[in-house]
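User: I would like to take a close look at one part of this model, namely its pairs of oppositely charged side chains. Please explain the part formally and step by step.

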Amino acid sequence: MLALLGFTMVAVFMYLIMSKKLSALVAIMLVPIVFGIIGGFLTELGPMMQAGVEGIASTAIMILFAILYFGIMIDSGLFDPLIAKILKIVKGDPLKIVLGTAILSMTVALDGDGTTTYIITVSALLPLYKRIGMNPLILATVAMLSMGVMNMTPWGGASAMAMASLGLDASEIFIPMIPVMGFGLVWVLVAAFILGKKERKRLGVVELNSTHPSGEHAELAATAMMSADHKRPKLVWFNFLLTVVLMASLIIDFMSLTILFMIAFGIALLVNYPNLKDQQERMAAHSKNALAVVSIVIAAGIFTGIMSGTKMIDAMAISLVSIIPESMGPLLPVIVAFISAPFTFFMSNNAFYFGVLPIIAQAAEAHGISAVEIGRASLMGQPIHVLSPLVAAAHLLIGLVGIEFGELQRFAVKWALGTTTVMVIAAVLLGVISI
């Protein structure tokens, strides 16, 4: 009975958010409460929800300060010299331009926000693509490939949801995934090289006339971002070193990621914007993005708290285990890694990570596979997920570049699938997931 109730709850939750009857934030709180009452747990729901929210509080705080930190880095102009340098180096060579697109997009994507990544990458490079006559689908594809890998960071969304739904810490999922992501980024560069090579063969190396209006537009795209009042070009090296120290500290794992980002954000804000009014403006500028991500993670505590407290997740896992052939049990991490691609394409990350993943993880434990492995595996479908029409940033990208969604999907899907495949192979070879 509990298993049936649980599967019904997940189905209702997925239907409501996929059909846009309710927002994910509202559905993830209210749906489990309703089904908890139906299951006869009315008087026990309070402690269950409290326990769930407390369990993911640290993750939510870490995500909040990570988003604010990278927002400050972008505001202060940390990436502006890189943009200017890329435009100076690539000149009229299509191969260099595509490789530059990859380097720029994967660097800017450090903040985990697709909207910011696409806006900066397209505004800096689209004029150059148009000037030379390059295929704009390549610009959009390479930016998406970079975002597909970088979205796996704890502050990128998917990892946060996986951690929240499985009750895991960022160091358990993210730190072992860093080398896997590294292989994914290498594949992005390989894909960019192949695409750039084809464009160079088609167009040749174009001599750019710096007096050409489009050429001027490209240069302005690189420098316009430096002229805003909140830019801090004199602090670029300080911000770079601070970010390097932060990344190194994350890898060493000598302190909680939550505390590291809180400290780094405090230092970055104080040094870059010592004026109190400027600090308030910068925090307000990123509060919308931060609130959207953090609120859903906190709300997920209610969902996971009720699923665990009522034992619905246990009953669902038992029923799922019974239909999985014994011979396929050890292959579950690899299976999850690949099926997460279509799952997160046809449904939102919210639906997959909060509705489907906990059930799979619980079932995997019956085969001796930890929830940590399943959590890591579930992230590897993100390169396909970013191509989904359910992703708002994807619509922004096609609008900026001026292409059709279906056209982009057909062009990019094989490269995105390649990213997932490379990361799965790397994860198996490195022992990040077992087989």
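User: To begin with, does Asp 93 count as buried or exposed? Please continue from there to the salt bridges.

Analyst: The model is predicted, and the description below concerns that model. Asp 93 counts as buried, because its relative accessibility is 7% and buried means under 20%. The side chain of Asp 93 meets that of Arg 200 in a salt bridge, with a distance of 2.7 Å from N to O. This pair links distant parts of the chain: Asp 93 belongs to the loop between helix 4 (80-90) and helix 5 (94-108), whereas Arg 200 belongs to helix 9 (residues 170-203), 107 residues apart. Unlike the buried Asp 93, Arg 200 is partly exposed, with a relative accessible area of 28%.

The structure holds four salt bridges, and another of them also involves helix 9. Here the side chains of Glu 199 and Arg 202 meet at 2.9 Å, N to O. These two residues are separated by about one helical turn, because they are three residues apart in helix 9. Glu 199 is buried, having a relative accessible area of 6%.

A further salt bridge joins Arg 232 and Asp 278, whose closest N and O atoms are 3.9 Å apart. Arg 232 lies in the loop between helix 10 (213-223) and helix 11 (236-252), and Asp 278 lies in helix 13 (residues 276-309), so this pair ties together parts that are 46 residues apart in sequence. Asp 278 is partly exposed, with a relative accessible area of 26%. In general, side chains of opposite charge can pair when their charged atoms come close.

Definitions and conventions: Residues are numbered from 1 along each chain as its sequence is written. This is a predicted model: local features need pLDDT of at least 70, side-chain atom pairs count only at pLDDT 80 or more; totals for chains, interfaces and linings use all residues. Side-chain values use heavy atoms; hydrogens and water are left out. Helices (H or I, at least four residues) and strands (E, at least two) are DSSP runs, numbered from the N terminus. Buried means under 20% relative accessible area, exposed over 50%, partly exposed in between (1.4 Å probe, protein chains only).
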